[in-house]
Amino acid sequence: MSTERGIPDEFLDGFVRIVAEASATGRRLTRAELDSRRALGERAAEAGHGLRELVGVHLHQARAHPYDSAAGLDAVLAAVAQGVDAFAEGYERAQRVAVRREEAARREFIDDLLHGRSDLGRIAERAERFGLRLSYAHAVAVAQGAYAYDEGDRAPRDVERALSTRFGDRNVLLTTKDGRLVCIAPGDQDEVLVHFAKQAHAATDGGRVAIGRPQSGPGGVVQSYEEALNALDLADRLELEDPVLRAADLLVYPVLTRDRQAMADLVQNALGPLQQARGGAQPLIDTLATYFDTGCVAAEAARRLSLSVRAFTYRLARIHQLTGADPADPVHRYTLQTAVIGARLLDWPNRQF
């Protein structure tokens, strides 16, 4: 049988009897009586019933029962309160267990998805449970701040709230991985990733965000995620200042380092002579990097390095003298600029080869 609110009678089994017996003498509910209420609360939660409706049914039945005339109102209310409180405690305990189980399943899925450690077909099946349809292309954005973040921290919660408010249910998965914020979105919804980047940059107090290219299938999510991570790594090595980076705009750098030995040879041949300079090669490499970053405008490059234009042009002349390559010459410039990029990527001259 069920109550008028659709709650099966089994979840109220013995409640009125316990209240009547306890209120007749004014005693508190026994441990066994409280445990029985907690057990029913757990079962009701597992069955998917709402706590508000369950409490309402308990109060309705308590009010409708004809109690012994010796039972005072205060005693009845005290017994009802103890019974309902124990029932709610069991309900909430079951919910916490369910939440932890769901969180563990979600974390396991995310780990498998972003590292491709499980069968891709199985990952695709599990993905729909978390709002992703991996038969379509997806892109991944990764935000990195000064601190490591977990899913329960304020930054990811603020970003998730902002995305949900603006886009609602768009089959977007927001999570954290290795202390970074991660957003997985359909590949044709770039506006979601752009908004994620804006919100994550603010929530992480100026952190950097990288966006991978859209890729198809479960393996595509891994690829896009790794592209975003590589973009963050490149930004650190190349000292890029942009707060938002797109892997598609940085494809030239993996191409340049695909043949690591060839790049190392270029760096050594083009920039190796700079190690003869007083103070070593690094100040002159920084000079070239800044010169190229400013579009070869000596005055702006000098300002960024806090040098006079005369001191800056002296450095360029010294580079020309040591390497035989003139930074102002278009032919020499390409070689030097490529070598400077290679030096940053290979961490030369800090790491010799």
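In the predicted model, Arg 161 has a relative accessible area of 47% and is therefore classed as partly exposed. Its salt-bridge partner is Asp 158, with a separation of 2.9 Å from N to O. Asp 158 is likewise assigned to the partly exposed class, its relative accessible area being 27%. Both residues belong to helix α6, which spans residues 154-167, and the 3 residues that separate them correspond to about one turn of that helix.

Over the whole structure, the search returned 18 salt bridges. A further pair within one helix is formed by Glu 300 and Arg 303, whose side chains meet at 2.6 Å, N to O. These two residues are placed in helix α12, again 3 residues apart, or about one turn of the helix. Glu 300 is partly exposed, with 24% relative accessible area, whereas Arg 303 reaches 55% and counts as exposed. Salt bridges with shared partners also link Arg 107, Asp 111, Glu 151 and Lys 177 into one network.

The salt bridge between Glu 227 and Arg 213 brings their closest N and O atoms to 2.6 Å. Glu 227 is part of helix α8, while Arg 213 is located in the loop between β4 (208-211) and β5 (215-216), so this pair ties together parts that are 14 residues apart in sequence. The accessibility of the two partners was also computed. At a relative accessible area of 12%, Glu 227 is buried, because the limit for this class is under 20%. Arg 213, at 29%, is partly exposed.

Helix α8 also takes part in the nonpolar interior. The largest nonpolar core comprises 28 residues, and those with the most contacts inside it are Phe 109, Leu 113, Leu 132 and Ile 184. At least two residues of this core come from each of α4 (73-115), α5 (120-127), β1 (137-144), β3 (180-186), α8 (217-238) and α14 (330-345). Among the contributors, α8 gives the most, with 8 residues. When neighbours within four places in sequence are set aside, the contacts of Phe 109 are Ile 123, Arg 126, Ala 127, Phe 130, Leu 132 and Leu 173. Another core, of 27 residues, lies apart from the largest one and includes Ala 264, Leu 271, Leu 274 and Ala 301.

Several features of the backbone were also identified. Glu 239, a residue other than glycine, has a positive phi near 55 degrees. The position of Glu 239 is in the loop between α8 and β6 (244-246). With a relative accessibility of 58%, Glu 239 is classed as exposed, because that class begins over 50%. Ser 306 is not a glycine either, yet its phi is positive, at about 60 degrees. This serine is situated in the loop between α12 (298-304) and α13 (309-323). Ser 306 is exposed as well, with a relative accessible area of 67%.

A cis peptide bond is present from Trp 348 to Pro 349, where omega is near 10 degrees. Pro 349 itself occurs in the segment after α14, the helix that also supplies at least two residues to the largest nonpolar core.

Definitions and conventions:
Residues numbered from 1 in each chain as written. Predicted model: local features only at pLDDT ≥ 70, side-chain atom pairs only at ≥ 80, totals over all residues. Heavy atoms only, no water. Core = buried A, V, L, I, M, F, W, Y, C linked by side-chain atoms within 4.5 Å. Buried < 20%, exposed > 50% of the residue type's maximum accessible area, 1.4 Å probe, protein only. Helix = DSSP H or I, 4+ residues; strand = E, 2+ residues; numbered from the N terminus. Contact = heavy atoms within 4.5 Å. Salt bridge = Lys/Arg side-chain N within 4 Å of Asp/Glu carboxyl O.
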